[in-house]
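Work through the exercises below with the sequence and the coordinates at hand. Each task is followed by a solution in steps.

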Amino acid sequence: MATTPEPAAYGYRVAVVGQDAAGLSLARTAIIAGHTVAGFDTDPELIARLRSGRSPLGHELVAMHETGRYHATDDPAWLAECTVYLVAAPVPLRRGRPDLGPVLAAADLIAGHVRDGDLVVLESWVPPGTTRGVFQDALAARTSARYLLGFAPQREPHRNGRAKLIGGVDRRSTLAASAFYRTMHDVVVACANTEEAEAANLAAAADRRTA
């Protein structure tokens, strides 16, 4: 039976896969909460810029480095000791349809490191059914670990307050994701399942387009 990952003495060891604006912001939130973060990206030029302190976050990225708990890397070995894996990979549109290639590549990467009881949460903008469907399938193709799996929509604090929505593929996953995100957000709202959380993400995207 999968168990909820336990935080280390100084918080969780968290892998944030994808270090563009959304992933970097997610890493910053985790750092502020006291966690140790491996900010992974396959783009070596991006990683070089982050290591030198250059990003849209400006001085906030410098502050992240100064904690000693943020490690920008393109080396998958940094993911080996993590117990929480957050996927913020981009989802580009190809001919009007979401390209899930980066998300599935992230799943393939994580599967090489995830262990029993670890928590995996997808935060990318994906269609409903993705987490329980092709994302979970991609994980299962490479690992037999009994991990916990959920979806948490990316939120814009200035428009959505500090509430965080989460949904798991089962009750244990929902509870584990809720416990983790409560370390970073004042209010965490559990959805019935991953599909409900994914649908909420699409609704938020529609609100942004019509605002």
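Two strands count as paired if DSSP finds at least two bridges between them. The model is predicted.

**Exercise 1. Sheet order**

Task: Determine in what order the eight strands of the open sheet are arranged, and which strands are at its edges.

Solution:
1. Following the pairings gives the order S3-S2-S1-S4-S7-S8-S9-S10.
2. The sheet is open and its pairing is mixed.
3. An edge strand pairs on one side only, and this applies to strand S3 (70–73) and strand S10 (187–190).
4. With direction ignored, neighbouring strands of the sheet are turned against each other by 25° on average.

**Exercise 2. One pairing and one helix**

Task: Find how S8 and S9 run relative to each other, parallel or antiparallel, and state which strands helix H2 lies across.

Solution:
1. S8 and strand S9 (residues 163–168) run antiparallel and are joined by two bridges.
2. Two bridges meet the threshold of at least two, so S8 and S9 count as a pair.
3. Opposite Phe-151 stands Gly-167 of S9.
4. Helix H2 (residues 44–51) lies across strand S2 (36–40) and S3.
5. The angle between H2 and S3 is about 150°.

**Exercise 3. Salt bridges**

Task: State how many salt bridges there are, then describe the pairs formed by Arg-94, Arg-142 and Arg-115.

Solution:
1. The cut-off is a side-chain nitrogen of Lys or Arg within 4 Å of a carboxyl oxygen of Asp or Glu. The count by this rule is six.
2. Arg-94 pairs with Asp-99, with 3.2 Å between the closest N and O atoms.
3. In the pair of Arg-142 and Asp-108, the closest N and O atoms are 3.7 Å apart. Arg-142 is in the loop between helix H5 (131–140) and strand S8 (148–151), while Asp-108 belongs to helix H4 (residues 101–111), so this salt bridge ties together parts that are 34 residues apart in sequence.
4. Arg-115 and Asp-118 meet through their side chains at 3.7 Å, N to O.

**Exercise 4. Accessibility of the paired residues**

Task: Classify Arg-94, Asp-99, Arg-142, Asp-108, Arg-115 and Asp-118 as buried, partly exposed or exposed.

Solution:
1. Buried means under 20% relative accessible area and exposed means over 50%, with partly exposed in between.
2. Arg-94 has 51% and is therefore exposed, whereas its partner Asp-99, at 25%, is partly exposed.
3. Arg-142, at 47%, is partly exposed, and Asp-108, at 36%, is partly exposed.
4. Arg-115 is partly exposed at 37%, but Asp-118 has 4% and is therefore buried.

Notes. Residues numbered from 1 in each chain as written. Predicted model: local features only at pLDDT ≥ 70, side-chain atom pairs only at ≥ 80, totals over all residues. Heavy atoms only, no water. Buried < 20%, exposed > 50% of the residue type's maximum accessible area, 1.4 Å probe, protein only. Helix = DSSP H or I, 4+ residues; strand = E, 2+ residues; numbered from the N terminus. Axes fitted to C-alpha atoms, helices over the stretch in contact; angles between N-to-C directions. Contact = heavy atoms within 4.5 Å.
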